[in-house]
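Trainee: Could you take me through one part of this structure slowly, strand by strand, and then show me what surrounds it?

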Amino acid sequence: MPAPHRKLLPLALAILAAPALAQQPEQPTAAAIMARVAANQDQAEAERSHYVYLQHAHVTSRKGNTVMCEETTDSRITPNATGSDEQLLKLDGRLRGKHGYIPFTTMRPAKHGDDKALHQDDKAAPTDHDKDDVNIDIGDDTDRDLVESMRSGLIHGKSKDGISAGLFPLTSKTQADYVYQLLRTEHLNGREVFHITFSPKDKDDYGWKGDAYIDTTAYQPVVVRTTMARKIPFAVRTLLGTNLPGLGFTVVYAPLPEGLWFPASFGTEFKLHLLFFYSRQIIIDAQNRDFEKTHVNSKIIPVT
């Protein structure tokens, strides 16, 4: 090819590509993306109060490779004005005792001094634990308390969507305390997503840091993963014997047929070290399903 033609070819290609490049939309900033996510989450929180659903949860406490206690529950979750009400439908559990595993199918009654029982129907009924108390040592008994408190505190915790409030900084109220950075656009769970990282504005804050994958069309979270922004101070670990290595959570969102995005699954796996001698691995896996939209029935009362 003559030299002048070789010089003109790159220029011609650039001219042909210019219209296509000019038509590409400018990528939004992380702040703009999360502002839209916050608005959508604020609206979704209100809309989720109109749905009743089933939550299937499995919580395990392990000591090394040994299962100390585990519970599998099915609960019907009914949102209310401040959070949600839980109706336990089914429970299958087992607790490791001195002579093997002891099965149980009821929640433990509230201890003396508690504000209220987790389930009022269990107040007077003796549990499997009561019958086999001679086979359970103090450590095993603590494992059942630990499993039930983890399930109640982390999965519910005054939330309308079956996940403890405050674990994921997505709403406008929680976003104010975090900084966000857009890394790139990716494909995840069959969707194009913005990959955004987040961390507390205050570097001394013991909040969450992690990754949020945001649908590029709906501006809804697809997957959010968190870990502790800071480790527990060495002085606390030394003086109190408390540590939580690996503490973090993952939640997967999916749209319902009506268009509302709802947490579909929630999971975590972390270690718990307490009082220098008590060490456990906690595993939580929960799924929300069988959604039903509630209906408000109105009654017209004639004026007399």
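Mentor: Let us begin with a single pair of residues in this predicted model: Ala212 stands opposite Val224, a residue of strand E8. The two strands concerned are E7, which covers residues 208-215, and E8, which covers residues 221-228, and they run antiparallel, joined by seven bridges. Between the strands of this hairpin there are five residues, and in the hairpin Tyr219 takes a positive phi near 55 degrees. If you now turn to strand E9, residues 248-255, you will find that E8 pairs with E9 as well, again in the antiparallel sense, over five bridges, and that Arg225 has Thr250 in E9 as its bridge partner.

From here we can follow Val224 into the interior, where the largest nonpolar core has 47 residues, and where Val224 is listed among those with the most contacts inside the core, together with Ile33, Met150, Phe168, Ile196, Ile214 and Ile284. Helix H4, residues 138-156, gives this core its largest share, which is five residues. In soluble globular proteins, nonpolar side chains tend to be buried together. A second core, separate from this one, has seven residues, including Ala44, Tyr51, Leu260 and Phe262.

Phe168 is a good residue on which to finish, since it leads back to the strands: leaving out residues up to four places away in sequence, Phe168 touches Val224 and Thr226, and also Phe249, Thr250 and Val251, with Ile163, Thr174 and Phe266 completing the list.

Conventions. Residues are numbered from 1 along each chain as its sequence is written. This is a predicted model: local features need pLDDT of at least 70, side-chain atom pairs count only at pLDDT 80 or more; totals for chains, interfaces and linings use all residues. Side-chain values use heavy atoms; hydrogens and water are left out. Two strands pair if DSSP finds at least two bridges between them. Helices (H or I, at least four residues) and strands (E, at least two) are DSSP runs, numbered from the N terminus. A nonpolar core is a set of buried Ala, Val, Leu, Ile, Met, Phe, Trp, Tyr and Cys residues joined through side-chain atoms within 4.5 Å. Buried means under 20% relative accessible area, exposed over 50%, partly exposed in between (1.4 Å probe, protein chains only). Contact means heavy atoms within 4.5 Å.
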